[in-house]
Amino acid sequence: MPALADLIEAARMADHHAPWRRAVVAPKVWNLAVEQLADGRWSLLGLWGEPDKVHMALLDEALNIGVISLDCRGGRYPSVGQYHAPALRLERAAADLFGLAPQGLPDTRRWLDHGQWGISHPLAAQPGGPAAAASYRFLAAEGESLHQVAVGPVHAGIIEPGHFRFTAGGETVVRLEERLGYVHKGIEGLMAGASLDRAARLAGRTCGDSTVAYSLAFARAVEAALGVTPPPRAIWLRALMAELERLANHLGDIGAICNDAAFAIMHAHCGVLRERVLRAADAAFGHRLMRDRILPGGTASDLNEAGTSAIRSLVAEIRQRFPHLVELYDNTASLQDRTVATGRLKVELALQYAAGGYVGRASGRDFDARRTPGYAPYDQLAFDVPVLQEGDVNARVWIRVREVEQGLSLVEQILARLPAGPISVEVTAAGNAADGPREGMALVEGFRGDILIWLRIGEDGLIERCHLRDPSWFQWPLLEAAIEGNIIADFPICNKSFNCAYSGHDL
């Protein structure tokens, strides 16, 4: 059984790719890597295209990371998705954007392209004319007395658009099929030719509730490509922002899940705590969501005494109030009746899809990008990664509860050990890339799971290509599996317990 490092070393290595290596491989080697994925020995971290090639980011059994690339002659390449289902939607998206044709792909329906762009294959070397708008062919299900229920893309609440097509026998869901792409923004197209400053702002707007995580991933990818090391204080400030973002989202999710079980008091109290986090972030960094506060080379905002005091007061308040809310959740039988054994995700599926965040950890996948591959300053911080096996809504709630507790500890540790000094260094892309394009990649733990960003910076210092992979790409398909056998009325609570991103997925 070959190691990922062996495959890369034996192939044509790409110049200036950091921190992990990339190699252009032959079709035989590509297919060998696909076999490792299909056999469950390796995990797929990402798959993305360019006009003339396709790339895969891989994680092997030894937790080593690498990228392999394949030249696509005539726009064709051997499909990964025909053997490894997690690649299906990524390959469909690359086909929509670049016109690449994966040979053997079992599902060739358009994914992001709804026929409304006025152009087809917009990122290809030669984009095509407008794609014909055609009705989407949902998969058929056969059985006695089955019926379909269509939900969305417009929903009752103020949420993002997505279509859910249920096939049910009575109230029991036989199949759920999702239709996404309604909030496609063309982020990767906008990135091409952008300056680092503009690209950083675009990255931070890929998914609003994860703006810190996306900004951090982009900054780390740029710094890896150009060999830039931000000051120690900036590294610790970034972690502080990331943990505040994680706290705000987990608190909001815990309340929202309970609200979908008609337990509004939890929603109200958790909403208050989430608001406290956002206000503390505003006091500390000048923006409630901390958008545009992380940039290549460091941070745009420092932390003063007033901001430190606001965050310490926040931690004290959550430590006082949150345990009572956890006790209320755990001791309310009617709430437990809705969450326990509902929407189970099998451990095997979580592992196959390399599901990140609370979705994966609630179903036995022990992975956290802060620990593996790891990045500063988390190598100097003490924290546990909670993992459960049950895989139901209740488990996904408890993972969030434990991560709130860990997050409070991390915030306290960061404040206690925050080094003094500058918060940024100058990043001169044009000079560093003078001897050829530079490529960088980063894997950062957002509140939903690991976010991957890969980019190439040209000799002119501008972004040539940037790919952003949200954890939801590997979580949305698992929601379809988790809802099977449940009743339609339990879909909202299952959906909220996953809380997959629409904007982050739709790019």
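This report walks through a predicted model, from its annotated domains to its helices, loops and cysteines.

**Two annotated stretches**

The UniProt record, an unreviewed entry, lists two domains discussed here. One is "domain: NADH:ubiquinone oxidoreductase 30kDa subunit", given as residues 74-123. The chain there is 22% helix and 12% strand. Its end C-alpha atoms lie 16 Å apart. The other is "domain: NADH-quinone oxidoreductase subunit D", given as residues 273-427. Over residues 273-427, helix makes up 56% and strand 3%. The end C-alpha atoms of that stretch are 37 Å apart.

**Helices side by side**

Two packed helices are described by the angle between their axes and the distance between the axes. Helix α9 (residues 305-330) takes part in two such pairs, one with α14 and one with α8. Helix α14 covers residues 393-417, and helix α8 covers residues 264-285.

| Helix pair | Axes come within | Crossing angle |
|---|---|---|
| α9 and α14 | 11 Å | roughly 155° |
| α8 and α9 | 9 Å | roughly 170° |

How do these directions compare? An angle over 145 degrees counts as roughly antiparallel. The crossing of roughly 155° therefore makes α9 roughly antiparallel to α14. The crossing of roughly 170° likewise makes α8 roughly antiparallel to α9. Handedness is a separate property. The α9 and α14 crossing is left-handed. α8 also passes α9 in a left-handed crossing.

**Helices with buried residues**

Which residues of helix α5 are buried? In α5 (residues 196-203), they are Leu196, Ala199, Ala200, Leu202 and Ala203. These residues cover an arc of only 160° around the axis, so they sit on the same side of α5.

Helix α16 (residues 476-483) gives another case. Here 7 of the 8 residues are buried, so α16 is largely enclosed by the rest of the structure. The buried residues are Trp476, Pro477, Leu478, Leu479, Glu480, Ala482 and Ile483. Just after α16 comes Gly485, with a positive phi of about 85°.

**Two loop residues**

Lys185 lies in the loop between β11 (172-179) and α4 (187-191). Its relative accessible area is 32%, so Lys185 is partly exposed. Along the chain, Lys185 and Leu507 are 322 residues apart. Yet their C-alpha atoms are separated by 5.7 Å.

Thr229 lies in the loop between α6 (211-226) and α7 (232-259). Is Thr229 buried or exposed? At 60% relative accessibility, Thr229 counts as exposed. Thr229 and Gly449 are 220 residues apart along the chain. Their C-alpha atoms are separated by 24 Å.

**Cysteines and disulfides**

A disulfide is a covalent bond between the sulfur atoms of two cysteines. How many disulfides does a search of the whole structure find? The search finds 0. For a pair to count, the two sulfur atoms must be within 2.5 Å.

Take Cys270. The closest cysteine sulfur to that of Cys270 belongs to Cys258, 6.5 Å away, which is too far for a bond. Cys270 counts as buried, at 1% relative accessibility.

Now take Cys500. The closest cysteine sulfur to that of Cys500 is in Cys207, at 11 Å, again too far for a bond. Cys500 is buried as well, with a relative accessible area of 3%.

How values were computed. Residues are numbered from 1 along each chain as its sequence is written. This is a predicted model: local features need pLDDT of at least 70, side-chain atom pairs count only at pLDDT 80 or more; totals for chains, interfaces and linings use all residues. Side-chain values use heavy atoms; hydrogens and water are left out. UniProt positions are given in the numbering used here, feature names are shortened, and annotations may be inferred rather than shown by experiment. Helices (H or I, at least four residues) and strands (E, at least two) are DSSP runs, numbered from the N terminus. Buried means under 20% relative accessible area, exposed over 50%, partly exposed in between (1.4 Å probe, protein chains only). The arc is that of the directions from the helix axis to the C-beta atoms. Axes are lines fitted to C-alpha atoms, for helices over the stretch in contact, and angles run from 0 to 180 degrees between N-to-C directions. Angles under 35 degrees count as roughly parallel, over 145 as roughly antiparallel, 65 to 115 as roughly perpendicular and the rest as oblique. A crossing is left-handed if the near helix is turned anticlockwise from the far one by less than a right angle, and right-handed if clockwise.
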